[in-house]
Amino acid sequence: MLPDERTTPSGEHPVRVEEDLLAARHAVRAAAVAAGFSIVDQTKIVTAASELVRNAYIHGGGGTMTVESVRDAAGRHGLRLRVRDEGPGIADVEQAMTDGFSTGAGLGHGLGGTRRLVDDFDLDTAPGRGTTVTVVRWKP
Amino acid sequence: MNAGLPILRLGDILLSGLMSDLDDKTALAFTDELTTRIADEGIRGVIIDISRLEIVDSFVARVLMQLAGTGRLLGTRMIVAGMRPAVALTLTELGLQLTGVRTALNAEQAMELLGWRRPAEAAEEAPHAS
Amino acid sequence: MLGTDDSQVRTVLARVLEEDRTALAHDWAGPETGDGGSPQLRREAVELVEALRQALTGTLPVSRIVEQDPAVRDALTSLSERRARAGAQPSATAMAILALKRTMLGAIERHTEDSALRYRAALLVNELLDSAGVLTFEVYSTGRERIIREQHSQMLELSTPVVRLWRHVLAVPLIGTLDSARSQVVMNSLLESIQANEARVAIIDITGVPTVDTAVAHHLLQTVSAVRLMGAECVISGIRPSIAQTITQLGIDLSHIVTRGSLADALATAMQLLGDSGRPGAVSG
């Protein structure tokens, strides 16, 4: 009966070619500015997005990113990013979340570090099933 | 290979800046260009101004760390200057400390670290030039 | 729910609200709230009754009217916000909304003799106004939470002043505990000040921090790394003997950080650091 999380979709962005990484970052920056996040929060959200889309591009062979503005039952506003790929998936989630581990380019802080930049972090993956990472940053 | 980013030479120092929309290809081309010039021109110090970078993610961090490492092997001091407060906070939270990279508040302080003196300060130090 | 959404009942109820609008608002705003004379309250009551009537003539299911009908939601929200500002307890506001139930049931009785219809109308009124009562509670607690959050962040900012000790030297005296929210605020204002003052050395004085556990040490280490990324050096001062012992016992490694006992020692060290980088002019200035 109570209003739960209400969402406003603000678009789906392809992550297919390298140029898409920059476009995705721009889209997230614009959404974070529109939502009224502080400079520090904007920077954290865009950095998290950059890590996630690069992971999807490099490890997942491309995918999509969705940006939504969300609101929880307590009336807090937030920004939700969902990055999905149809790649090989992650076999050892615990290892992927550990700092310093990476199976591709980068420093391996893709997931463990990204988790610290956001408030909510959800990883849905299995070998052969692709990977979906959903993160939310709430406005203080 | 040319990244299209200006690299200025002041004596034996190279001064360059990264742009806000740095993409992966440009970053890698920039590394190559800088490394070649360090080796070819006998460069003693390199300053990379990043004050226009709105984010530094793990990829850019890795580029900077590798540049610093390569520079050290070639006998050059590399200084990353002008990181924004929000970027410093985010990098720290991400767990990246840019190990091995020297930093300065801005390009001017980086120049001083490399031994350049501001004309005004040099004048102040002149023995009682009344 | 049994038949609450049948159109006959909705029509009857809408007619009741239409014809008895003024009487209803008066009945309800009068005795139940104790200040029947308030024109503000009367107007709010009229607005709410009218919004409910309009919603009932619409197509939205009864169970979703309070949540989704903008006019009903607005009327309820502004009513509960005004009462909250006036100091009313949330339970009193919710009770007042529920009192409207009795008033409406009375009006229905006057309108129809059909007991089956009365029963169904009563079910509908219950469903509608119960969720309205819940909403007023929600508005109240949301408002309270917002105020608490605002005060919390104001307090954080007030309690972390960054002072300029010397040209190119800043200090932050930390007082109280250093949790992760606070350390974010400290880091942020310290880094902004470093940029604004072109500071080369930042001193973090922890004389006023009661205990240093692994979490606090972690926050300190993070602050030091962020300061270094900006291109400044960091000195931690005010480490009391007991804290030094705790740090050692916990096995926390602060060896790569410049630490000093007192703020005065830290300032002397800062001067040295400024001098080392070849700028005697900066120290004397």
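Start by selecting C:R164 and C:L170: the bridge partner of C:R164 in strand β2 of chain C is C:L170. Strands here are DSSP runs of E with at least two residues, helices are runs of H or I with at least four residues, and both are numbered from the N terminus. What you are viewing is a predicted model, in which local features need pLDDT of at least 70 and side-chain atom pairs count only at pLDDT 80 or more, while totals for chains, interfaces and linings use all residues. For your selections, residues are numbered from 1 along each chain as its sequence is written, and chains are lettered from A and ligands numbered from 1 in the order in which they are written.

**The sheet of chain C**

Widen the selection to β1(C) and to β2(C), residues 169-175; these two strands pair in the antiparallel sense over three bridges. Two strands count as paired if DSSP finds at least two bridges between them. Now show the whole sheet: five strands of chain C in the order β1-β2-β3-β4-β5, open, with mixed pairing. Which are the edge strands? They are β1 (163-166) and β5 (258-260) of chain C, each pairing on one side only. From one strand to the next, the twist averages 30°. Angles run from 0 to 180 degrees between N-to-C directions, and axes are lines fitted to C-alpha atoms, for helices over the stretch in contact.

Next, add helix α8 of chain C, residues 180-197, which packs on the sheet and touches β1, β2 and β3 (201-208) of chain C. The direction of α8(C) makes about 165° with that of β2(C). Residues are in contact if their C-beta atoms, placed from the backbone, lie within 7 Å. Then pick helix α9 of chain C, residues 214-230: this helix also packs on the sheet, touching β3 and β4 (233-237) of chain C, and its direction makes about 150° with that of β4(C).

Before leaving chain C's own fold, select helix α10(C), residues 241-250. This helix is hardly covered, with one buried residue among its ten. Buried means that 20 or more other C-beta atoms lie within 10 Å of the residue's own; 12 or fewer makes it exposed, and anything in between partly exposed, with C-beta atoms placed from the backbone. After α10(C) comes C:G251, with a positive phi near 75°.

**From chain C to chain B**

Show chains B and C together. Their contact takes 19 residues from chain C and 18 residues from chain B. On the chain C side, α8, α9 and α12 (280-284) each supply at least two residues. By class, that side has eight nonpolar, seven polar and four charged residues. Ala, Val, Leu, Ile, Met, Phe, Trp, Tyr, Cys and Pro count as nonpolar, Asp, Glu, Lys and Arg as charged, and the others, Gly among them, as polar.

**Inside chain B**

Now isolate chain B, which has five helices and five strands. Its elements run β-β-α-β-α-β-α-β-α-α from the N terminus on, and 43% of its 130 residues count as buried.

Highlight helices α1(B), residues 24-41, and α2(B), residues 58-73: they pack at an angle of about 10°, with axes 11 Å apart. That angle makes α1(B) roughly parallel to α2(B), the word covering angles under 35 degrees. To see the contact, select B:D24, B:A27, B:T31, B:L34, B:T35 and B:I38 on α1(B), and B:F59, B:V60, B:V63, B:Q66, B:L67, B:T70 and B:G71 on α2(B). The set comprises seven nonpolar, five polar and one charged residues.

Stay on α2(B) and color its buried residues, among them B:F59, B:L64 and B:A68. What do the buried residues of α2(B) pack against? Look for α2 and α4 of chain A, together with α1, β3 (45-49), β4 (77-81) and α3 (85-94) of chain B. Just after α2(B), B:G75 takes a positive phi of about 80°.

**On to chain A**

Finish by adding chain A, where 20 residues are in contact with 19 residues of chain B. On the chain A side, α1 (18-34), α2 (39-58) and α4 (112-117) each supply at least two residues, and α2(A) gives the largest share, nine residues. That side divides into seven nonpolar, seven polar and six charged residues. Viewed alone, chain A has four helices and five strands, in the pattern β-α-α-β-β-α-α-β-β along the sequence.

Methods:
Parallel < 35°, antiparallel > 145°, perpendicular 65-115°, else oblique. Contact = placed C-beta atoms within 7 Å.
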